[in-house]
Amino acid sequence: KSYEAQQIAEGAQRAVAQSAMVEVGAIGLGAVITAIATTAAADVTGVIAASVIAALGLFIIPAKRRSAKRDLAERIAELRINLMNSMTTQFEKELKQSLQRVNDAIAPYTRFVRAERAKLEESKSELTEAQKTFGRLRTEIEGLK
């Protein structure tokens, strides 16, 4: 992630350096042509050439700036997506681990409850059998009277 930030910063530095070089080149070219030229027409040509190069420099800066803004917006969107994915993955992992710890903590109690329930079911079954036997015996005793 710091790599993307470094790339953005370097891109901005290159844009500024390029535009500065164009401006310096325009001024230098105008000065050289003016110094070399001996006629008024040559002076005007040098000034016009320097002005054209300077104007081009004025267009390069905004174009580079728009390009850098677009790149930055795209990278920020990409980083946002990556961050959300990472956070979601980490959250789900932590949630699973927490649930596992809770299940591990209550496992002895769960086993105890299951064992006690099994005992109760067995006792209920025995009681039902005893009630049936008692009912049969009562019927037999009443039949003997």
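How much accessible surface does the chain have, and what share of that surface belongs to carbon and sulfur atoms? In this predicted model, the accessible surface comes to about 12000 Å², and carbon and sulfur atoms account for 65% of that area. Of the 145 residues in the chain, 6% are buried. As for secondary structure, the chain has two helices and zero strands.

Helix H2 covers residues 40-144, and Met84 is part of that helix. Together with Leu83 and Met87, Met84 makes a nonpolar patch on the surface, with an area of about 310 Å². Met84 itself has a relative accessible area of 48%, so this residue counts as partly exposed. That value is also over the 30% cut-off that patch residues have to pass.

Further along in the numbering, there is a charged pair to look at. The count of salt bridges comes to one, and a salt bridge links the side chains of Lys119 and Glu116, at 3.4 Å from N to O. That distance fits the rule because a salt bridge calls for a side-chain nitrogen of Lys or Arg within 4 Å of a carboxyl oxygen of Asp or Glu. Both residues sit in helix H2, three residues apart, which means that about one helical turn separates Lys119 and Glu116. Glu116 is partly exposed, its relative accessible area being 29%.

Conventions:
Residues numbered from 1 in each chain as written. Predicted model: local features only at pLDDT ≥ 70, side-chain atom pairs only at ≥ 80, totals over all residues. Heavy atoms only, no water. Patch = residues over 30% accessible without salt bridge, like charges linked within 9 Å, V, L, I, M, F, W, Y side chains within 5 Å. Areas by Shrake-Rupley, 256 points an atom, 1.4 Å probe, with all protein chains shown as cover. Helix = DSSP H or I, 4+ residues; strand = E, 2+ residues; numbered from the N terminus. Buried < 20%, exposed > 50% of the residue type's maximum accessible area, 1.4 Å probe, protein only.
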